[in-house]
Amino acid sequence: MDFNYLTTIIFLPVLGAILIAFIPGLSARLIKRIAAIFTLIPLALSVFLFCQFDRSLVVMQFQEKLSWIPAINAHYHLGVDGLSLPLVVLTAFLGFIVVLISWKINLRIREYFAWLLLLEASILGVFCSLDLLLFFIFWEIEVIPMYFLISVWGSGRKEYSAIKYVVYTLFGSAMMLAGILSLYFTTGSLSMIELAEGGLGMVQSIMPAAAIFFLLLTGFAVKLPVVPVHTWLPDAHTDAPTAGSVMLAGALIKMGGYGMIRVCVSIFPQVARDYAPLLVILAVISVLYGAALTLRQTDLKRLIAYSSVSHMGFVLLGVFALGQVSLTGAALQMVSHGLITGLLFAMAGLTIHNVGERDLSKLGGLARQIPIIAVVFSIAGLGGLGMPTTSGFAAEFITFIGSFSSTAFSGMQVCTILAVLGVVLAAGYILWMLQRTFYGPVLEQYNGIKDADGLERVYMSAFIVLIMLVGIYPAIITDIIKLGISPIVGLLGG
Amino acid sequence: MPSQLIWLIFLLPVSSFVIVSFFIRPFVKPESRVAGYITITAISGSLALSLWALAAVMAAPHHQIVVPDISWLVVGDVTIHLGLIMDSLTAVMLVVVTIVSLMVQIYSQGYMHGDPGYHRYYAWMSLFTASMLGVVMADSLLLVFVFWEGVGLCSYLLIGFWFHKPSAANAAKKAFIVTRFGDFGFLAAILLLFAHTRTFDIAELHGLAIAGALAGTTLTWAAIGIFSGAVGKSAQFPLHVWLPDAMEGPTPVSALIHAATMVAAGVFLVARTFPLFAHSVEALTTVAIIGGVTAIFAASMGLVMTDIKRVLAYSTISQLGYMMLGLGVGGVAIGIFHLFNHAFFKALLFLGAGSVNHATGTFDMREMGGLRKFMPWTYATFLIGALSIAGIWPLSGFWSKDEILLHSQTGGPSILFYLAMITVFMTAFYMFRVIFMTFGGEYRGGGSGAHGHPHESSSVMVTPMVVLAVLAVVSGFWNVTGQFGAFMGHGETHSFVHGLFHPFTQTLPWISLILAGLGILLAYAIYSKKWLSAERIGSMFKPLYTLFIRKYWMDELYEGVLVKNALIGGFFAGLQQVDTYGVDGAVNGVANGAIAGGRAIRRAQTGQLQFYGLFIGIGILAIILCVYFFG
């Protein structure tokens, strides 16, 4: 590997952001084109890596390692395996799509696109880092662009939501930093690979492993989110601009699930086993509680935001069922949810933008006025309620099969069945939302509203193709994911 | 028969769906009938291939053709294949689905002509048919579930076809959610079976159940879970509430849903997984009881409805109850034979109701009457359908119902036999109530309707009805010789003439024929000759009448009490309060607390050196004291 693919993927958006921010006198058109180019190339490269990935090896690939701060043994160490590569592709995909989604932005364009590119870069960095310090830095950088995106280009109580997001996240990352430091002072290593390979067991720790585990887990749980640390999510998703919501729901909260698998489960397999019952019960609560609250929402975006809480509960379930199949399902669910909820938010944003109304009790009958949006929104909704041939079904089904067959603890089967109820509730809220928005008598005040234009049709189609592709032939992703999952299952001891 | 052609049975309607929805739209005018022609051609192809497959399966050893399967997904130790079953059950179902679907599509050329959603209609009808063919042919529970959900989705789309009507949008949503509630049990059963056997393959599961490796409570729970899926799809009590509302869709859709696709899927599923039920007495008894109870329960509501489609809807639920009862007490051949016959006469009745609606502009039987004069073809075919469903010899309904009654006499709880017999009477009564109210007497409607005088429907609508009427007469003859039973795996064959007149040597057929005759007679007395007044009878049995017309208050119980008040308005609203004021309140509380704390501590920052000096002094003193006392 002579060419540093991962560095290029991560830092091209950064370069784009710098160009946009500092070259004087750029026209709005040029800014958008720069943003598109500097997100399209990383997407192309990540797809290239996806194709080039050696399916016969279960190790990190495309690694880059430089000594960074020798004094504390920190490295600039990047690499991807079967777990992170699909998430990198997903992030690069969404990173490019949100530029297209933002094509109609006309407020402070320069800053907007700079922040958007920086956001993408930091999420990509999190998925590629193999050094805990580097991981943490990328993790923290992400907060800044998100804060500005919500508080400047958002809507509703945007300042409140933005600051809530920052404080919540910082609370989580403070815990995580404490966890990382404890790990470092216990083992002297910051390398995720070394730590996972058993560096921890050999050193006598001043802190019980479970304490470190929970410090780290808190950071990830806030991001995922897990009930009861989820309340930042509805506010942030609802008030963020469309592109921000898509990035948040599509890629950003996946950092939580990814961190749980990569750090918590891999480094502390025994602790994960011990506390699996607790975390699986939290997962079931997240699924059902999230779904119950979703059924109460009257704001289009807030409804989708709460449904994310429910759907990410399936990820938590799959992760702490601690089986090969369940972990694969959880990883697939992250990708699937990124696509489906990404599209849901894109469609919600488009509907709200074109119609000028987001209150479900005031919408209705739009299927006649904006048929294309209605069809695409419905397809995304069907993905959300787990209709077969969409990725939602494939991911949830694999998660359920894995969790139900899991032997992590004796109540696993009951918990899985309870979680399956979340799918029934999903049918309820999704169909209710679609009915309130698109069906019923045509409302005159919405006559003459614009349907999706050319560019919007392009990105809608891209989403739908991927959702159906993964849904009809999930092996295209699971074949890669299992290469990343099997060593972790090995660490779990079967 | 080459396996590619077997796949083609399913792929033809899929391709017509793809062509109609994605490719032809830019090239044809909105009023063009091309979409219909494409769909009809594709389904005709499927029908021809299905008939070929049926012949091939009949000729094949063990009545089964093996079709190679395709590997779909390998995760860990889980390997999932996609494949087809081609056995006698599949072959029969394929023929049923494709014949009924074809007739419905042809009929729709007339019925849906000029509807702005014409293309959309045919696209979804193709997909609906394809999904049902998928359910019938799939060789693994997972694949059945995939198509099963597809059937549910298509029925959602078609029931809500006129989505600008709030009632249609509601009915569609209700159908989807209620059936999904049943699907929850089905999915749980799949998980349970997989956890114990590591397979989704239906043939393997059968083998394990027969060998006894899959037994006991696991098997019972799995069978009951599968049955709960069937209860949802086949609209059995207590998940029957969606089917009467599903009338909101176009009438040909109802014909398809009620005869060959959606509701048939549930009965088919139980038949497909029958070995699992056969090895669990509890599960099999559950099927029989739910079936028997549903049969009479739905029939009771059918007695009082004034909407012609609603009467037919309750009759469908009731007949599906018979099928479940037949499966529970007699086995696959008994239940599926009734499904087979029912498909033709029920499709016929619905198409007849649609024809009547086309002529009168209403579904309310109180505004009909006398249509026999105006619509002789519709009347004749509808009458055949009604006689068949009432179980009159020698029409098809007689043969399959007779077998169900016979077996419920010997198997299952004996109460079910009596319920089934009473239902025979009720069925004949409500069907002939429809006949006399709709076709008998004088025409009562047309006052403000745009139609003026009702007229017979066009030949494109009448022809399918005639074809189905012929089938409703003859389809039962398949088992007069016992050959259907033999094809399905049990029973012996005998000569046609012997079979045809054999029932008259038995007591049971006489009783059921007399009961049906009494039902017809009562309907004649009340609705044709008016010897008895319907209003008087209604007020005499006021509480019962109210119970039936209000549908046992089940809709109010589910939608009002359970969903609106207990869950969404009650428990979920409570959770929302907890979320807003408890969980999020705590977060905001911590934030506010931090701000208040900061404000309080800020007072200490006075900026006066003496003040700081004082506190430094106090601090040093405290340290000295600590060291002195504790050190």
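Helices (H or I, at least four residues) and strands (E, at least two) are DSSP runs, numbered from the N terminus. The model is predicted: local features need pLDDT of at least 70, side-chain atom pairs count only at pLDDT 80 or more, and totals for chains, interfaces and linings use all residues. Residues are numbered from 1 along each chain as its sequence is written, while chains are lettered from A and ligands numbered from 1 in the order in which they are written.

**Exercise 1. Place Ile6(B) and classify its burial.**

Step 1. Find the element. Ile6(B) lies in helix H1 (residues 3-23) of chain B.

Step 2. Apply the cut-offs. A residue is buried if 20 or more other C-beta atoms lie within 10 Å of its own, exposed if 12 or fewer, and partly exposed in between; C-beta atoms are placed from the backbone. Ile6(B) has 22 C-beta neighbours inside 10 Å, so Ile6(B) counts as buried.

Step 3. List the contacts. Two residues are in contact if their C-beta atoms, placed from the backbone, lie within 7 Å. Setting aside neighbours within four places in sequence, Ile6(B) touches Met1(B), Ala53(B), Val67(B), Leu84(B) and Met86(B).

Step 4. Check one pair. Ile6(B) and Val67(B) stand 61 residues apart in sequence, yet their C-alpha atoms are 8.4 Å apart.

**Exercise 2. Do the same for Ser355(B).**

Step 1. Helix H15 of chain B holds Ser355(B).

Step 2. Ser355(B) has 28 other C-beta atoms within 10 Å, so Ser355(B) is buried.

Step 3. Beyond four places in sequence, the contacts of Ser355(B) are Met375(B), Thr378(B), Ser457(B), Met461(B) and Met465(B).

Step 4. Try a pair with Ile226(B). Ser355(B) and Ile226(B) are 129 residues apart along the chain, and 37 Å separates their C-alpha atoms.

**Exercise 3. Compare the span of two helices with expectation, and judge their burial.**

Step 1. Set the rule. The expected span of a helix is 1.5 Å times one less than its number of residues.

Step 2. Take helix H4 (residues 118-137) of chain B. Its 20 residues should span 28 Å, and the end C-alpha atoms are 29 Å apart, which agrees. For burial, 18 of the 20 residues of H4(B) are buried, so H4(B) is largely enclosed by the rest of the structure.

Step 3. Take helix H3 (residues 84-101) of chain A. Its 18 residues reach 25 Å from first C-alpha to last, close to the expected 26 Å. Here 17 of the 18 residues of H3(A) are buried, so H3(A) too is largely enclosed by the rest of the structure.

**Exercise 4. Explain what encloses helix H10 (residues 251-259) of chain B.**

Step 1. Count. Nine of the nine residues of H10(B) are buried, so H10(B) is largely enclosed by the rest of the structure.

Step 2. Name some. Thr251(B), Leu256(B) and His258(B) are among them.

Step 3. Find the cover. It includes helix H3 (88-111), H4, H5, helix H11 (262-272), helix H14 (308-329) and helix H15 (332-360) of chain B.

**Exercise 5. Describe two helix pairs.**

Step 1. Choose the quantities. Two packed helices are described by the angle between their axes and the distance between the axes. Axes are lines fitted to C-alpha atoms, for helices over the stretch in contact, and angles run from 0 to 180 degrees between N-to-C directions. Angles under 35 degrees count as roughly parallel, over 145 as roughly antiparallel, 65 to 115 as roughly perpendicular and the rest as oblique.

Step 2. In chain A, the axes of H18 (residues 391-404) and H19 (residues 412-438) come within 8 Å and cross at roughly 160 degrees. That makes H18(A) roughly antiparallel to H19(A).

Step 3. In chain B, H14(B) and H18 (residues 396-410) pack at about 45 degrees, with axes 9 Å apart. That makes H14(B) oblique to H18(B). Tyr322(B), Leu325(B), Gly326(B) and Val329(B) of H14(B) meet Lys401(B), Ile404(B), His407(B) and Ser408(B) of H18(B).

**Exercise 6. Analyse the side of chain B that touches chain A.**

Step 1. Count both sides. Chain B gives 35 residues and chain A gives 40 residues.

Step 2. Assign elements. Strand E2 (70-75), helix H5 (141-159), helix H6 (166-197) and helix H26 (554-602) of chain B each supply at least two residues. H6(B) gives the largest share, 13 residues.

Step 3. Sort by class. Ala, Val, Leu, Ile, Met, Phe, Trp, Tyr, Cys and Pro count as nonpolar, Asp, Glu, Lys and Arg as charged, and the others, Gly among them, as polar. The side of chain B has 25 nonpolar, five polar and five charged residues.
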